[in-house]
Amino acid sequence: MRNTRGTLLKVISVVCLVMVGAFGLATGVEAGTTDPQGVFKVSMDVSPAEVYGGQKVTITVTMEETAGSDGVYEGVLKINGEEIDKKSVRVNPKATGNLVFEVERDTPGTYAVTINDTLEGEFTVLEGEAPKTGSDFPMGAVIGGAAGVVVLGLGTLLFLNRKKSTA
């Protein structure tokens with residue numbers, strides 16, 4: 001009985017030591033934290049580079065976790081040095097993640113974009129209004145007009161045919 005109890009204590013001690021060692025060496029993310037962790041390769045895309053006042057600009061930050069552990073990437077968006085937004089994303093080991101920011105400005109000019117004061121880009125707001133595109137064309141009016149021409153043509157044809165048959 002004493003031998004079994006001693007063996008059991010040794011096994012429990014070894015398991016505890018292994019667990020403490022594993023948790024002590026782990027580089028994972030603490031539960032519930034949003035503190036930046038992990039090792040990331042990060043890039044940014046600002047699109048479109050030119051807009052008219054009131055149009056949206058999308059700023060996409062792509063990060064790849066390169067350390068092989070979970071990571072939380074926090075991105076702080078600044079435009080012309082002023083903090084505009086802050087977002088974070090959890091990225092799995094050796095995986096990629098994205099943060100997407102949308103902004104719009106009305107005043108013409110060039111705007112400097114930074115993420116965490118390390119990634120830099122820019123966009124320009126042009127003077128004037130956005131030119132009309134094909135998607136701005138009132139397609140309903142065209143279809144309605146065409147339907148009206150067809151109905152008018154059929155009515156005229158029926159009227160002329162009726163006149164011939166009564167003569």
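1. Read from the N terminus, the protein chain runs α-β-β-β-β-β-β-β-β-α. The count is 2 helices and 8 strands. The model is predicted.

2. Five of the strands form an open sheet in the order β2-β8-β7-β4-β5, and the pairing in this sheet is mixed. β2 (50-52) and β5 are the edge strands, each with pairing on one side only. From one strand to the next the twist averages 25°.

3. Within this sheet, β4 and β5 are antiparallel and share 9 bridges. Y73 has V89 of β5 as its bridge partner.

4. The largest nonpolar core holds 21 residues, and those touching the most other members are I59, V61, M63, Y73, L77, I115 and F123. At least two core residues come from each of β1 (40-47), β3 (56-65), β4 (71-79), β5 (82-91), β6 (96-104), β7 (109-115) and β8 (119-126). β3 gives the largest share, with 4 residues. In soluble globular proteins, nonpolar side chains tend to be buried together.

5. Which residues does I115 contact, leaving aside its neighbours within four places in sequence? They are M44, I59, V61, Y73, G75, V76, L77 and F101. I59, V61, Y73 and L77 also appear, with I115 itself, among the core residues that touch the most other members.

6. For the protein chain as a whole, 20% of the 167 residues are buried. The exposed area is about 11900 Å², with 58% of it supplied by carbon and sulfur atoms. Among contacts with a separation of 6 or more, 60% link residues 24 or more positions apart.

How values were computed:
Residues are numbered from 1 along each chain as its sequence is written. This is a predicted model: local features need pLDDT of at least 70, side-chain atom pairs count only at pLDDT 80 or more; totals for chains, interfaces and linings use all residues. Side-chain values use heavy atoms; hydrogens and water are left out. Buried means under 20% relative accessible area, exposed over 50%, partly exposed in between (1.4 Å probe, protein chains only). Contact means heavy atoms within 4.5 Å. Accessible areas come from the Shrake-Rupley method with a 1.4 Å probe; for residues, only the protein chains shown count as cover. A nonpolar core is a set of buried Ala, Val, Leu, Ile, Met, Phe, Trp, Tyr and Cys residues joined through side-chain atoms within 4.5 Å. Two strands pair if DSSP finds at least two bridges between them. Axes are lines fitted to C-alpha atoms, for helices over the stretch in contact, and angles run from 0 to 180 degrees between N-to-C directions.
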